[in-house]
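Reader: I should like to examine how the descriptive terms applied to this model are justified. Please set each term against its criterion.

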Amino acid sequence: MPTKRKSKGAYMISAVAEMYGIHPQTLRLYEREGLLKPSRTEGNTRLYTDEDLERLEFILNLARDLGVNIAGIAIILQMRERMEEMNRQMQSFVDYVRTEMLSRMQQGFPQQEAAIVPLRRPIAVPQVKGSVKKNEPSTR
């Protein structure tokens, strides 16, 4: 959905409603339902940031284009936030493994001792003609 935003800043509810062609009560409803959380001035005026507007665009896309109701939007937003948190945690783990691996490589440990997960030695299983090895799945 194209927007008419031209600069960074904060926008009052009337400006946001006009930009997106919605009634200010719709924005208030989204706030009551916890979908939007605009900041407030000392005089309690709602101020919508660029991040709030991006979230509003996502909400309006779900509601207008996909026909999702408010309860569905709340669930989708919650799942989206959880996925972003899981992504941050996974990235943190990958960074930890990378730095741990690099530090062990730089210390010059033998490969087996430097392994994060120790490698087991391969086990040789004698194979009898016409039989299947015990450690391999059957292909029959």
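The exchange below takes up the terms one after another.

Reader: What kind of model is this, and what pattern does the chain follow along the sequence?

Author: The model is predicted. Five helices and three strands make up the chain, and their order along the sequence is β-α-α-β-β-α-α-α.

Reader: Why is L35 called buried?

Author: The term requires a relative accessible area under 20%. L35 has a value of 2%, and is therefore buried. The residue belongs to the loop between α2 and β2. Leaving out residues up to four places away in sequence, L35 touches Y30, R55, I59, I70, I73, A74 and L77. With one of these, I59, the C-alpha to C-alpha distance is 8.0 Å, at a separation of 24 residues in sequence.

Reader: How many residues of the chain count as buried, as a percentage, and what area does the chain expose?

Author: Of the 140 residues, 20% count as buried. The exposed area is about 11200 Å², of which carbon and sulfur atoms supply 55%.

Reader: How do you know that the length of helix α3 agrees with expectation?

Author: Helix α3 comprises the 16 residues 50-65, and at 1.5 Å a residue these should span 22 Å. The C-alpha atoms at its ends are 21 Å apart, so the two values agree. After α3 comes G67, with a positive phi near 70°.

Reader: Which residues of α3 are buried, and what do they pack against?

Author: The buried residues are D50, D52, L53, L56, E57, I59, L60 and L62. Their packing partners are β1 (11-12), α1 (13-20), α2 (24-32), β2 (39-40), β3 (46-48) and α4 (70-107).

Reader: Which residues of α1 are buried, and what puts them on the same side of the helix?

Author: In α1 the buried residues are I13, V16, A17, M19 and Y20. They cover an arc of only 160° around the axis, and therefore lie on the same side of α1. As a general point, an α-helix has 3.6 residues a turn, so residues three or four places apart point the same way. The cover over the buried residues of α1 includes β1, α2, β3 and α3. G21 follows α1 and has a positive phi, near 65°.

Reader: Which residues touch the most other members of the largest nonpolar core?

Author: Among its 19 residues, V16, Y20, L27 and L56 touch the most other members. Two or more residues of this core come from each of α1, α2, α3 and α4. Apart from neighbours within four places in sequence, L27 is in contact with I13, V16, A17, I22, L36, Y48 and L56.

Reader: What makes β1 and β3 a pair?

Author: Pairing requires at least two bridges. β1 and β3 are joined over two bridges, in the antiparallel sense, and the criterion is therefore met. Y11 stands opposite Y48 in β3.

Reader: Why are β1 and β2 said to stand at the edges of the sheet?

Author: The open sheet has three strands in the order β1-β3-β2, paired antiparallel. β1 and β2 each have a single partner strand, so one side of each is left without a neighbour in the sheet.

Reader: What sets N44 apart in its phi value?

Author: N44 has a positive phi, near 70°, although the residue is other than glycine. Its place is the loop between β2 and β3.

How values were computed:
Residues numbered from 1 in each chain as written. Predicted model: local features only at pLDDT ≥ 70, side-chain atom pairs only at ≥ 80, totals over all residues. Heavy atoms only, no water. Helix = DSSP H or I, 4+ residues; strand = E, 2+ residues; numbered from the N terminus. Expected span 1.5 Å × (residues − 1). Buried < 20%, exposed > 50% of the residue type's maximum accessible area, 1.4 Å probe, protein only. Contact = heavy atoms within 4.5 Å. Core = buried A, V, L, I, M, F, W, Y, C linked by side-chain atoms within 4.5 Å. Areas by Shrake-Rupley, 256 points an atom, 1.4 Å probe, with all protein chains shown as cover. Arc of directions from axis to C-beta.
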